[in-house]
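Colleague: I'm new to this one, so could you walk me through it? Let's look at it together.

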Amino acid sequence: MNKLASILLIIATCVLVSSCRKSGCTNPNAVNYSASAKVDDGSCICLSASAATPYNLKIPASFQRFLPPPVFPVDNPMTVEGVALGKKLFFDKRLSDDLSLACASCHLPSQSFDDTSRFSVGINGIAGTRNAMPLFNHAWNITNKFFWDGRAVGLEEQALEPVTNVIEMHDTWINVTSKISSDATYRTMFTNAFGSLPIDSNLITKAIAQYERTLISGNTRIDAYSLRLIGLTPSELSGLNLFMDENGADCFHCHGDVTNPLWTDNSFRNNGLDSVFADSGLASITGNPIDVGKFKTPSLRNLIYTAPYMHDGRFSTLDEVIDHYSEGLVNSPSIDVDMKNISTNGARLTSQEKSDLKAFLLALTDTTFVTAH
Ligand code: HEC
Ligand code: HEC
């Protein structure tokens, strides 16, 4: 009996001691941190390398005055190394199957990160059905929804799609990861930005998203006007007044005003383009009939570079867009409540009013943005 008791005691002690000495990763900042590990076995994997330098985002004065600071995902803080890596990836054609297309091929810096065609053409020469979108000020997109129909939540998730989209870059993430991993420069850059993890789609999209958050357009005549640094021309000022007037052109409900330097509310609306929609927009994601024909309200910055206009690029010029809002509105069950002139098919602007409205819209042109990247 005594012998049995002492054997049991020895076994219990061994279990206790070995659990006390359980080895694993003991660094609480590591992704594989083990709370029960007492002995560090050197297996820790740290996502944000402590060596990476925090990135100091340059926020325009008008944004500082009117907008709260941007909020970043906690698992993807911006670093100098991450942004440099994201930029290299954004311009790298190895993200496409036949090495012919980079993100920047459809999002050209000189076009405010948009392209000039109605429908962008992917690697197989097939065109999509939607107009490419310009990229700027996405760090302030409080809905965090991307694409015309809002199907991607967050810039990281958005960047997953073009690579595998069959009518865009038409590659696989396994293939792209192996192309990028075989490049020694990339291996160093990933290590510097994120630590020593293997390169994968998660880190590639994180780096691209960091770069995209540095694309900030906030230097236009209207920004200077909102800060009381300059006055506007009489025509621009009349245009702004029409924009802000419910009995005038009535644009501000969706596209914002001088206290919202994004010039969009980033919400999804039906602005009266069709009575029956070939592309159902937001409803293709939500399945809700009330969302048919709702698309993301675009920013009105840099319109001079982003033609053609609307989700399907149906309008080639700003004059056509203004004519739409003046006399071309079409009713449908999901028309937005803020399309207040729907019963008269539009605001019925005079030609002078149209040209003033256009002068105001063109004062939202940021020439420094298109040359800065
Ligand atoms: C073949 C052309 C093409 C390529 C290549 C491409 N895009 Fe796009 N991009 C588009 C089009 C078209 C849309 C709108 C599609 C939609 O709404 O369905 C879009 C939308 C976006 C948006 C949404 C913007 C917003 O305001 O919601 C982001 C962000 C974006 N692209 C980033 C990227 C990144 C990052 C890459 C590279 C990984 C990339 N794109 C590659 C054509 C392209
Ligand atoms: C009810 C909300 C709403 C109102 C009011 C409104 N818009 Fe829009 N606007 C939108 C939406 C949504 C789109 C995108 C629609 C689409 O592509 O299907 C858009 C698109 C545009 C575009 C095209 C931008 C691009 O990059 O394709 C311009 C320019 C524009 N609006 C200017 C105006 C002007 C000027 C007014 C006032 C006369 C106005 N909008 C009133 C919601 C609105």
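Colleague: Which helices each supply at least two residues of the shell around ligand 1?

Modeller: First, this is a predicted model, where local features need pLDDT of at least 70, side-chain atom pairs count only at pLDDT 80 or more, and totals for chains, interfaces and linings use all residues. Residues are numbered from 1 along each chain as its sequence is written, while chains are lettered from A and ligands numbered from 1 in the order in which they are written. A shell residue has its C-beta atom, placed from the backbone, within 6 Å of the ligand, and helices are DSSP runs (H or I, at least four residues) numbered from the N terminus. Two such helices fit for ligand 1: helix 4 (103–106) and helix 5.

Colleague: And which helix gives the most to the shell around ligand 2?

Modeller: 24 residues surround ligand 2, with Cys 251, Cys 254 and Tyr 309 among the closest. Helix 11 (252–255), helix 13 (303–306) and helix 14 (318–328) each give two or more. The top giver, with three residues, is helix 11.

Colleague: What supplies the largest share of the largest nonpolar core?

Modeller: Such a core joins buried Ala, Val, Leu, Ile, Met, Phe, Trp, Tyr and Cys residues through C-beta atoms within 7 Å, buried meaning 20 or more other C-beta atoms within 10 Å of a residue's own. This one has 28 residues, and Ala 207 is among those with the most contacts inside it. Helices 3, 5, 6, 7 and 8 each supply at least two residues. The largest share, six residues, comes from helix 8.

Conventions:
A residue is buried if 20 or more other C-beta atoms lie within 10 Å of its own, exposed if 12 or fewer, and partly exposed in between; C-beta atoms are placed from the backbone.
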